[in-house]
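Biologist: I'd like a close look at one part of this thing, with the cut-offs spelled out as you go. Start with the cysteines, then take me to whichever helix you find worth the time.

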Amino acid sequence: MQEGYTLPSWHPDISSIVVPRPMAASPGLILGFIVAALLLALVLSQAIAKLKNSKQTMELALTKNTSETSSSDKVSDGVSGLQEEYVDIVMHRIHNDSNLNPNEERILVYKEKTSTWKKVFGKRVMETSNSTGEAMICVLYLLINLAALMISPSYSFGIGFGSLSAGNTVFTFMTAARNSFLTWGLGVAFDQVLVYHRFIGRLTVVFALVHSCFYIDDIFENTTDYVTLTGLASLGCGFVIVLSSVNSVRRKFFNVFFWSHCGSFIGFLVGLYLHTPAAHPFILAAVGWYGIDKGLQMLRKIPKRTTLLEKVDERTAHVRFAKDTLSSLLGRHKVGQYVFVNFPSLSLQEWHVSSHTV
């Protein structure tokens, strides 16, 4: 029986023929629950690690300054009084002095840990631009998809792969957004998120293809059927997206990649939305996230007056303007990052990549 077909309520054996498939038990929604739980766990662990790191830095600073104080004065009462005085001094220096020795030691330890991480997971996979760490995350994500398919109690493999394709659409759009849970909560750079966008997008199309293979006989028998046409249209748009996003096409013919990408993803969403009502929640979530991201980008594109504009040399200019409020609250402004800056007096269409220092 095809998905979406309903028997009349008067049918005597409807309870034995139709097996209900609750939305909450779909592989796509199970995938969403698992990924959301993992992301929340990562955010909490990252926050706890930062808190412990700051406490260790404070304790190290207090220990060093307390030992210096005790060596200069052996009187216990005098030492306790100096400890209280040094608490205020050390706290003030931690927030305002970037040359504090304990901070330098903490940074050295962090760099040592980072180098160990890069030594193990930072190696490139063969001749690609992806690291072993990114490859392991992609493999883990694939295993989560397969686990969601296996533990779904009432969905067959054919319908299950279709549900996974719809569920992955949400994460495809999430990883394509400059404002997402990954950039806000985990502080992952947008350039790194795009690695997972490409992988999840291609995985979405592969699952859609596998889903169609389970119904290959129905496709040939009912070529002009509404469900068949919308499914094939959505799958065809997915193929265009995958083929146009290949490195050789994207790098050499960027305009071809960009416009085919924009047109095809709209066709993919419309075809999937019309293909089955079960995909509606995932499509609406993806479009909603995309709309929020574009809305935030438009707010950030509101012109701001510069507080400083001076020429440094023949090739360098120093520009200073107020930080974005939302990015400041989320702590996204860090030294070494880059921003896109537009000068309306020069051109409304040209955006220049500029690095910022504070």
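Modeller: Cys-213 is partly exposed because its relative accessibility is 47%, and the scale here calls a residue buried under 20% relative accessible area, exposed over 50% and partly exposed in between, using a 1.4 Å probe and protein chains only. Cys-138, by contrast, is buried at 11%. As for disulfides, meaning pairs of cysteine sulfur atoms within 2.5 Å, searching the whole structure turns up 0.

Some ground rules before going on. This is a predicted model, so local features need pLDDT of at least 70 and side-chain atom pairs count only at pLDDT 80 or more, while totals for chains, interfaces and linings use all residues. Numbering runs from 1 along each chain as its sequence is written, and side-chain values use heavy atoms, with hydrogens and water left out.

For the wider setting, the protein has 14 helices and 4 strands; both are DSSP runs numbered from the N terminus, helices being H or I with at least four residues and strands E with at least two. Of its 358 residues, 29% are buried. Take contacts (heavy atoms within 4.5 Å) between residues at least 6 apart in sequence: 59% of them link residues at least 24 apart.

Now the close look, at helix α12. Ser-264 sits in this helix, which covers residues 254-275, and with 8% relative accessibility Ser-264 is buried. Leaving aside residues up to four places away in sequence, Ser-264 touches Cys-237, Val-240 and Ile-241.

The aromatics need a rule: rings of Phe, Tyr and Trp (its six-membered ring) pair when their centres lie within 6.5 Å, and planes under 30 degrees apart are stacked, over 60 edge-to-face, the rest tilted. That gives 9 aromatic pairs. One of them, Tyr-141 with Phe-171, has centres 6.3 Å apart and planes at 80 degrees, so it's edge-to-face. Tyr-141 belongs to helix α5 (residues 132-151) and Phe-171 to helix α6 (residues 157-176), so this pair ties together parts 30 residues apart in sequence. Tyr-141 is buried at 11%, and Phe-171 is buried at 10%.

Back in α12, Phe-254 and Phe-257 make a tilted pair, 5.6 Å centre to centre with 55 degrees between the planes. These two are 3 residues apart in the helix, so about one helical turn separates them. Phe-254 is partly exposed at 47%, whereas Phe-257 is buried at 12%. Phe-254 and Phe-257 also join Phe-258 and Trp-259 in one aromatic cluster.

Last stop is a nonpolar patch on the surface: Tyr-226, Val-227, Ile-266, Val-270, Tyr-273, Leu-274 and Leu-284, about 630 Å² of accessible area together. Patch residues have over 30% relative accessible area and no salt bridge; like charges are joined within 9 Å, and nonpolar side chains (Val, Leu, Ile, Met, Phe, Trp, Tyr) within 5 Å. A salt bridge is a side-chain nitrogen of Lys or Arg within 4 Å of a carboxyl oxygen of Asp or Glu. Areas are Shrake-Rupley values with a 1.4 Å probe, and for residues only the protein chains shown count as cover. Helices α10 (226-244) and α12 each give two or more residues to this patch, with α12 giving the most, 4 residues. Leu-274, for instance, is in α12 and is partly exposed at 38%.
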